[in-house]
Amino acid sequence: MADTAAETLQNAVNQALAEDRQRLADYLHLETVSAQKRGIPETVAFLEQAFQKLGANVEVWRDVAGSNPFVFATFAAGPTGNADKTLLFYNHYDVQPPEPLDEWHTEPFTLTEVEGKYVARGVSDDKGELMVRLSAVKALQNSGGLPCNLKFIVEGEEEVGSGHIEPMVRQHAADLAADVVVWETGGKDADENFNVTCGVKGIMSFEVSVRTADNDLHSSLAAYADNAAWRLTRALASLRGPNNEVLVDGFYDDVRALTPVEQQATDQLAFNEATTRQNFGLKRPLVTREPTTALVNATTMTINGLTSGYEGDGVKTVLPKFAKAKLDCRLVPNQEPHKIAQLIQAQLDRNGFDDVHVTYLLGEKPFRSDLTDSFVQTALTTAKAVYGDHVKLVPNAAGTGPQAPFDEALHTPIVAFGSTWAGSGPHAPNENVRVADYQQDVAYTAQLLQAFGRA
């Protein structure tokens, strides 16, 4: 008996996975660390060739001043596909530095299979996800053809803030035009639910600094001289209350309440505290009684690091002249990064810390798709066909990405999904995905493209 269409596709997926494992390993072997400006030209050349082998038209955009190159690839719908529909994939080719190296159990830039997991820097964020999508393209090409037009835009600065995304999207809006956008990476939560995610929080990264003297002083002079480290920590403490609330006037004024549909989706999300504690080794109580709501629609203010005085071995009894902290705020729809920075400086001034200065570093706006959009529903329905009852619709991720510029230029829904799991550890040593999840994501991606082409 002849294979059904579903069996034909799954056989093509299995074949593509077997053929493409070496390509995955080769891609992960490239040390594409944007923060250290390593491996960029080699990775761009690799992607150009990988897309061309699949028959794509490929362009490398170098017309945004100061930016790493963007790789843009297009595929036409197959002979029986829907040439009136176009889907755009967004991915990035850069990765985080691998340090601390002594915490890796394997070589960070060598794909290693350990206990059913692929382990390597970038395998979950986000090199592995792009290779998933290329394997899905190959499987569809080998089982009847592409069901729609496809476009890929792959940037090389996501891990350093995507500083050139906005001008790139503005300059190339016509090239990027599509009916829908599929974003980088996603996957399963701590309860093994596959997440269809429809947005991201925004971010505002900044520094807070203070100088109390021209030189470091002998610590005995603390009897009369102020200490920059104490000054800074008191200033920071004035911005955040004991119950995790941000004490900045106007900070919450622009927060958009969840719509009834968004609230319903949020209420159906689960948070497995026990598994989360185990995965991250949490030592303290949670700072909220409603973690699922907080992950979707709560803002944050986080100290990322503190620097002041002497931090080396031994003793140096110094009174620091200077102190600095790096912080970020995660933002939700309607909050604007530059405005938040201005509010924080104004609050410090009101609190008596007008000598403590806020320096804006970078910002990305939040974004959330309409959960009732037809493509969102198609992604959800297809996920249930592949993953069964373990599927959740997530209004937005707790993390950040440059989705807002795509929305502003293209006015399309944006949906994210992928092959990660709760223990993937992106940005951490021993970053990984489970092989079975990786394989399942290829099948899901292929089936979603078919469903989109038919819709």
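Is R170 exposed or buried, and at what relative accessibility? The first close-up gives the answer, and the other views then visit a strand, more salt bridges and two empty spaces. Please keep in mind that this is a predicted model.

**View 1. R170 and E166 form a salt bridge in helix α4.**
R170 counts as exposed, because its relative accessibility is 59% and the cut-off for exposed is over 50%. Its salt-bridge partner is E166, and the closest N and O atoms of the two are 3.9 Å apart. Both residues sit in helix α4, which covers residues 165–171, and because they are four residues apart there, about one helical turn separates them. E166 has a relative accessibility of 42%, so E166 counts as partly exposed. As a friendly reminder, side chains of opposite charge can pair when their charged atoms come close.

**View 2. K326 and E207 join two strands through a salt bridge.**
Here the side chains of K326 and E207 meet, with 2.3 Å from N to O. This pair links distant parts of the chain: K326 belongs to strand β13 (residues 322–331) and E207 to strand β9 (residues 199–211), 119 residues apart. K326 is partly exposed, at a relative accessible area of 36%, whereas E207 is buried, at 14%.

**View 3. R121 and E431 meet in a salt bridge between two loops.**
The distance from N to O in this pair is 2.6 Å. R121 lies in the loop between β5 (117–119) and α3 (127–141), while E431 lies in the loop between β18 and β19 (432–434), so the salt bridge ties together parts that are 310 residues apart in sequence. Both R121 and E431 are buried.

**View 4. Four residues share a network of salt bridges.**
Look for E19, D20, R23 and K138, which are linked with one another in this network. For the structure, the count comes to 21 salt bridges.

**View 5. Strand β7 has buried side chains on both of its faces.**
In a regular strand the side chains alternate between the two faces of the sheet. You can follow this pattern along β7, residues 180–183: V180 and V182 point one way, and V181 and W183 point the other way. All four of these residues are buried. Strand β3 (residues 82–92) runs parallel to β7, and three bridges join the two. Within this pairing, F89 stands opposite V182. Strand β7 also pairs with β18 (residues 414–416), again in the parallel sense and over three bridges. There, W183 has A416 of β18 as its bridge partner.

**View 6. The second largest pocket is lined by 13 residues.**
Rolling a probe the size of a water molecule over the atoms shows where empty space is left. This pocket has a volume of about 310 Å³. Nearest its centre lie H105, G423, P429, N430 and N432. The lining is a mixture of four nonpolar, seven polar and two charged residues.

**View 7. The largest cavity has a volume of about 30 Å³.**
How many cavities of 30 Å³ or more does a search of the whole structure find? The search finds one. The residues that line the largest cavity are G250, F251, D254, Q335, E336, K339, I340 and L343. Sorted by type, this lining has three nonpolar, two polar and three charged residues.

Definitions and conventions. Residues numbered from 1 in each chain as written. Predicted model: local features only at pLDDT ≥ 70, side-chain atom pairs only at ≥ 80, totals over all residues. Heavy atoms only, no water. Buried < 20%, exposed > 50% of the residue type's maximum accessible area, 1.4 Å probe, protein only. Pairing = 2+ DSSP bridges. 1 Å grid on protein atoms, 1.4 Å probe; cavity = no way out; pocket = protein on both sides within 12 Å on 5 of 7 lines; lining within 4 Å. Points joined across faces, edges and corners; volume = space filled by probe spheres on them. Nonpolar A, V, L, I, M, F, W, Y, C, P; charged D, E, K, R; others polar.
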